[in-house]
Amino acid sequence: MRLVLLGPPGAGKGTLAAFLHKELDIAHVSTGDILREEMKNNTPLGQEVKQYVESGGLVPDKVVIKLIENKFSGGIVKKGYMLDGFPRTEVQAKDLDAILQKLNVPIDCVVYLKASLPVVIKRLTGRRICRTCGAIFHMTNNPPKKDGICDVCGGATYQRPDDKEETIKTRMNVYLESTKPVVDYYEAQGKLKKLDADKDSRAVQEDLMKIFHDARYLHKH
Ligand code: AMP
């Protein structure tokens, strides 16, 4: 299965990706996770992208496209893949198509998580992430059993700097301006499957598995 997960910040891409990774055993590629790891390790790339990420802006296309090229040339595609947070611009979408065409592993399906503004704001402001394993929690919907401690690995949880309310506004504007056209791009290719992502994560997972089942994607590759 070869997937792209699309949707505004807070639509639930990361949570759905974690579910699909377990369910389908396909590689999860999140450019946001890769960039945060680089920042955490204070690498030259981490230093280069820090300002963009923390202010809620987009990292330049050529930087993230290079990351994706490297990832795919490393052979992660054998079992299938799931891209989360990439592509975010039309330029990225077109370059991705070219990369995938060369490798002969085109996208089967683009999952569009459609979520409304009040829902995503509530999700993002309450979101907490484990610094060690990346597990995602929510202060009211899915709090860790012990405040500040990850249920999965015991690591410390934290709030992403770009999940503060003032930065969320910038990220939403960036999404509407740069990423929404990517939704139209895939719709024109006939690859888009829309999901109501205002629903809770279990319901979204069930809706998606039904779509996969009906479209017989689960039997491909
Ligand atoms: P995410 O974890 O997907 O919400 O990404 C966090 C931040 O990383 C974004 O707000 C951007 O600053 C940066 N980022 C992640 N993916 C991309 C991308 N495909 N293009 C440009 N910037 C990105």
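Which atom of the ligand is 2.9 Å from an N or O atom in the side chain of Arg36? The points below address this and two helix contacts in what is a predicted model.

1. The atom in question is an oxygen of the ligand, and its partner is an N or O atom in the Arg36 side chain, at 2.9 Å. Arg36 is also listed among the closest of the 17 residues that surround the ligand, together with Thr31, Gly57, Gly85 and Gln92.

2. Nitrogen atoms of the ligand have polar partners as well. A polar side-chain atom of Arg88 lies 3.0 Å from a ligand nitrogen. For Val59, the partner is a backbone N or O atom, placed 3.1 Å from a nitrogen atom of the ligand.

3. Helix 2 (residues 31–40) and helix 4 (residues 61–73) have axes that come within 11 Å and cross at roughly 100 degrees. Helix 2 is therefore roughly perpendicular to helix 4. Thr31, Ile34 and Leu35 from helix 2 meet Val64, Leu67, Ile68 and Lys71 from helix 4. By class, this contact comprises 5 nonpolar residues, 1 polar and 1 charged. Thr31 thus appears in this helix contact and among the closest residues around the ligand.

4. Helix 6 (residues 117–126) packs against helix 7 (residues 165–188) at an angle of about 135 degrees, the axes being 10 Å apart. Helix 6 is therefore oblique to helix 7, and their crossing is right-handed.

5. On the helix 6 side of that packing, Leu117, Val120, Ile121, Leu124 and Thr125 meet Glu165, Ile168, Arg171 and Met172 of helix 7. The contact has 6 nonpolar, 1 polar and 2 charged residues.

Technical notes: Residues are numbered from 1 along each chain as its sequence is written. This is a predicted model: local features need pLDDT of at least 70, side-chain atom pairs count only at pLDDT 80 or more; totals for chains, interfaces and linings use all residues. Side-chain values use heavy atoms; hydrogens and water are left out. Axes are lines fitted to C-alpha atoms, for helices over the stretch in contact, and angles run from 0 to 180 degrees between N-to-C directions. Helices (H or I, at least four residues) and strands (E, at least two) are DSSP runs, numbered from the N terminus. Angles under 35 degrees count as roughly parallel, over 145 as roughly antiparallel, 65 to 115 as roughly perpendicular and the rest as oblique. A crossing is left-handed if the near helix is turned anticlockwise from the far one by less than a right angle, and right-handed if clockwise. Contact means heavy atoms within 4.5 Å. Ala, Val, Leu, Ile, Met, Phe, Trp, Tyr, Cys and Pro count as nonpolar, Asp, Glu, Lys and Arg as charged, and the others, Gly among them, as polar. A residue is near a molecule or strand if one of its heavy atoms lies within 4 Å of it. A polar contact is a pair of N or O atoms within 3.5 Å; within protein, one must be able to donate a hydrogen and the other to accept it, and residues adjacent in sequence count only if both atoms are side-chain atoms.
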